[in-house]
Amino acid sequence: MAHQKVTNLGMKRSAEDLYNRLAPIAEALNKVQSDKCMIGDAMTIWREVEEAFIRTGDKTAQKKWKERYNQAM
């Protein structure tokens, strides 16, 4: 398979940003949907998502996370 170069760097950056924002959420959903996941585990996983958003410095995602957290609690 031949390697193809991305010509639209703006689109590439947008795709990378979206992946970085959604990856922690996807990982959390996989963990929470496990048959072995308890409510305490879900709280730990919830906090892991927050930590992932803090690491990325994504203020918008952090704000949305906080809104959802307050709604759930």
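Me: Which residues of α3 are buried in this structure, and on which side of α3 do they lie?

Reply: In this predicted model, the buried residues of α3 are Ala61, Trp65 and Tyr69. These residues cover an arc of only 75° around the axis, which puts them on the same side of α3. The general idea is that an α-helix has 3.6 residues a turn, so residues three or four places apart point the same way. On the other side of α3, the exposed residues are Lys59, Lys63, Lys64 and Gln71.

Me: What do the buried residues of α3 pack against, and what span does α3 reach from its first C-alpha to its last?

Reply: The buried residues of α3 pack against α1 and against α2, which runs over residues 39-56. Helix α3 itself comprises residues 59-72, 14 residues in total, and it reaches 20 Å from first to last C-alpha, close to the 20 Å expected at 1.5 Å a residue.

Me: How should I read α2 in the same manner: which of its residues are buried, and where do they fall when seen down the axis?

Reply: In α2 the buried residues are Ala42, Ile45, Val49, Ala52 and Phe53. Viewed down the axis of α2, these buried residues fall within an arc of 95°, so they line one face of the helix. Their packing is against α1 and α3. As for the span of α2, its 18 residues should cover 26 Å at 1.5 Å a residue, and its end C-alpha atoms are indeed 26 Å apart, which agrees.

Me: Which residue follows α2, and what is the sign of its phi?

Reply: Glycine 57 follows α2, and its phi is positive, near 75°.

Me: How many salt bridges are there, and which side chain meets aspartate 58 in one of them?

Reply: The general idea is that side chains of opposite charge can pair when their charged atoms come close. With a cut-off of 4 Å between a side-chain nitrogen of Lys or Arg and a carboxyl oxygen of Asp or Glu, the count comes to six salt bridges. One of them joins the side chains of aspartate 58 and arginine 21, at 2.8 Å from N to O. This pair links distant parts of the chain, with aspartate 58 in the loop between α2 and α3 and arginine 21 in helix α1, 37 residues apart.

Me: Are the two partners, aspartate 58 and arginine 21, buried or partly exposed?

Reply: Here the cut-off matters, because buried means under 20% relative accessible area and exposed means over 50%, with partly exposed in between. Aspartate 58, with a relative accessible area of 17%, is therefore buried, whereas arginine 21, at 35% relative accessibility, counts as partly exposed.

Me: Which residues are in contact with arginine 21, leaving aside its neighbours within four places in sequence?

Reply: With those neighbours left aside, arginine 21 is in contact with Phe53, Asp58, Thr60 and Ala61. Two of these residues have already appeared among the buried ones, namely Phe53 in α2 and Ala61 in α3. As a further spatial relation, the C-alpha atoms of arginine 21 and valine 49 are separated by 9.9 Å, although the two residues are 28 residues apart along the chain. Asparagine 20, also found in helix α1, is 9.8 Å from aspartate 58, C-alpha to C-alpha, with their positions 38 residues apart in sequence. At 43% relative accessibility, asparagine 20 counts as partly exposed.

Me: Which salt bridges pair residues of one helix, about one turn apart?

Reply: Among them is the pair in helix α1 of lysine 12 and glutamate 16, which lie four residues apart, about one turn of the helix; the closest N and O atoms of this salt bridge are 2.5 Å apart. Lysine 12 is partly exposed at 35%, and glutamate 16 is partly exposed at 28%. In helix α2, arginine 47 and glutamate 50 are three residues apart and thus separated by about one helical turn, and their side chains meet in a salt bridge at 2.9 Å, N to O. Arginine 47 is partly exposed, with a relative accessible area of 34%. Salt bridges that share partners also join Lys12, Arg13 and Glu16 into one network.

Me: Which residues make the nonpolar surface patch?

Reply: The patch, of about 340 Å², is made by Leu18, Leu22, Ile25 and Leu29. Isoleucine 25 lies in helix α1, which comprises residues 9-32, and at 34% relative accessibility this isoleucine counts as partly exposed.

Key: Residues are numbered from 1 along each chain as its sequence is written. This is a predicted model: local features need pLDDT of at least 70, side-chain atom pairs count only at pLDDT 80 or more; totals for chains, interfaces and linings use all residues. Side-chain values use heavy atoms; hydrogens and water are left out. Patches are made of residues with over 30% relative accessible area and no salt bridge: like charges are joined within 9 Å, nonpolar side chains (Val, Leu, Ile, Met, Phe, Trp, Tyr) within 5 Å. Accessible areas come from the Shrake-Rupley method with a 1.4 Å probe; for residues, only the protein chains shown count as cover. Helices (H or I, at least four residues) and strands (E, at least two) are DSSP runs, numbered from the N terminus. Buried means under 20% relative accessible area, exposed over 50%, partly exposed in between (1.4 Å probe, protein chains only). The expected span of a helix is 1.5 Å times one less than its number of residues. The arc is that of the directions from the helix axis to the C-beta atoms. Contact means heavy atoms within 4.5 Å.
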